[in-house]
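Me: I am new to this structure and would like to learn how to read it. Could you take me through a few features, one at a time?

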Amino acid sequence: MGKFMLSFILGIALGDWLSVFSAAAFNHHRRATTCDFSNTFALSVEEQNLNQELPNYGLFGPTLIQKAGFVPQVDQISNNFCGADSFDKAKQSVREAGKLLFRFAVGRAQNDNTGGEVDRYDDRPLYWARLTLTKAIKQWKSGFEMSDDARKELVTTFDLASRGLDSVSFPTGNSARRVMVAGFDPFQLNADIRTANPSGAIALQLSGKTFNTSDGPIVVHAVVLPVLYGENGFDDGVVEAAFGPALQDAERRPDGIVTISQGLPEQFDIERWAGGWRGGFPDNNNVKSTGPVPPAAGWPQPNINFIETTLPYQQMQDAATGPFKVRYNTEFCEWPKGSPTTEPCIRHDSGVPAADSTPAEGGGGDYLSNESMYRANRLRVGLELANVRGGHLHVPVLGFPDGNAPSDQKFEKKRLDIISQALQLVEAVGKP
């Protein structure tokens, strides 16, 4: 993103996609208790995409989940949800389920102990498993009265936990340097349901990772952000919820924060500027939004038009060896004071934005990648953490497998090349 299943985790069948599993597999994992998933709560566009088929493959998301080896997770996750007799118990259950799903996805990505057929570096199984589960929470008929707002709270609780937000735990003291990273979900699935996002794959490789360097250990934690403006997205403060608690923790505060997304073909871009404007490109629910980046309730909101990176860009460029060029991108686009935002902005290849201009684009454009850098670093500035390194890394475009294939060797090799070089760049952020 840039310029420009599990079966129900508690072991319950989920209607239309279960056809991808054999009867034996289903019977092995089903619970004795039967749950009712006939609630008519509205599904998101993303959740409706679970019904999209790939020729000669079947329902893409559910089939990918099955082939990735996620189904055995049913036996490892609390089965209390369906039998929960109160909202509090249901909320605790979905939180633990989300944490376990994220830990499983990380473990699979880093160790591949599932026996699945899908490349372990693939970020897509986590995305589709999460959607399967949010759909199930929406459709579950509980044994207790639950309002629509309460059900939304369950979905949000699960969603945040399954993105790693409840799994960030840095060591205290000076025994290690600390870096926090955020990748993104796949996006533009309307164009091609096979879409993957290498930034999400990078996040799975980095979550809980320790780089042992000659300067001492560097501990990294990572989260995966949604490609959404509205509910459970950026307007709801998901970026601030991801980075804020860590930045506020004086004993465990990260030394660096890096938002990562997909950018241009065949190159990495370390972005110098983030602008406080969104340009209206549709999100994963086909929602559009144009205008200043909205505030996030409960967090510091300094009024800044452009925010400059504090990442050690030269150190990063010197460290990263691999097939892709690493560029320090100094571009930005602004509207001079008094200019209407309906007019073309003034583009600059270098220099500093005018203090009284209106931001149109950061180096990474005007979509959610730029906004992730802006929000994370607006928070850093608002908390007066000048010594914390912060910025955004755009990674090369991954592209698609040939034909209608869900994956192929060329696709997987390019993803691994992107990940390998990105890990070097993140390690450089953590070095003194």
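Reply: Happy to help; below we go through a sheet, a loop residue and some salt bridges. This is a predicted model, in which local features need pLDDT of at least 70 and side-chain atom pairs count only at pLDDT 80 or more, while totals for chains, interfaces and linings use all residues. Residues are numbered from 1 along each chain as its sequence is written, and side-chain values use heavy atoms, with hydrogens and water left out.

Me: Let us start with the sheet. Which strands form the open sheet, and in what order?

Reply: First the terms: strands (E, at least two residues) and helices (H or I, at least four residues) are DSSP runs, numbered from the N terminus. Two strands pair if DSSP finds at least two bridges between them. Here seven strands make up an open sheet with mixed pairing, in the order β4-β5-β3-β6-β16-β7-β12. Because β4 (210-213) and β12 (325-329) each have a single partner strand, they stand at the edges, and one side of each is left without a neighbour in the sheet. On average, neighbouring strands of this sheet are turned by 25° against each other, direction ignored; such angles come from axes, lines fitted to C-alpha atoms.

Me: How do β4 and β5 pair?

Reply: They pair in the antiparallel sense over four bridges, β5 being residues 216-225. A hairpin of two residues joins β4 to β5. To follow the bridges, look at N212, whose partner in β5 is P217, and at T210, whose partner there is V219.

Me: And what is on the other side, between β3 and β5: parallel or antiparallel?

Reply: Strand β3 (residues 177-184) runs parallel to β5, with eight bridges joining them. R178 stands opposite V219 in β5.

Me: Is β5 mostly covered or open, and how many of its residues are buried?

Reply: Buried means under 20% relative accessible area, exposed over 50%, and partly exposed in between (1.4 Å probe, protein chains only). By that rule β5 is mostly covered, with eight of its ten residues buried.

Me: Where is T330 placed?

Reply: T330 sits in the loop between β12 and β13 (332-335). It counts as buried because its relative accessible area is 18%. Contact means heavy atoms within 4.5 Å. Apart from its neighbours within four places in sequence, T330 is in contact with R272, W273, H348, D349 and S350. A polar atom of the T330 side chain lies 2.4 Å from the backbone oxygen of D349.

Me: Last topic: how many salt bridges are found in the whole structure?

Reply: A salt bridge is a side-chain nitrogen of Lys or Arg within 4 Å of a carboxyl oxygen of Asp or Glu. The search finds 26 of them. One of these joins D85 and K89, with the closest N and O atoms 3.1 Å apart. R124 and D122 meet in another (2.7 Å, N to O), and both residues are buried.

Me: Which parts does the salt bridge of E240 and R375 tie together?

Reply: The closest N and O atoms of E240 and R375 are 3.0 Å apart. E240 lies in helix α8 (residues 238-248) and R375 in helix α10 (residues 368-382), so the pair ties together parts that are 135 residues apart in sequence. E240 is buried at 1% relative accessibility, and R375 is buried at 0%. A network of salt bridges links D235, E240, R278, E371, R375 and R378.

Note on methods:
Axes fitted to C-alpha atoms, helices over the stretch in contact; angles between N-to-C directions. Polar contact = N/O pair within 3.5 Å; in protein donor to acceptor, adjacent residues only side chain to side chain.
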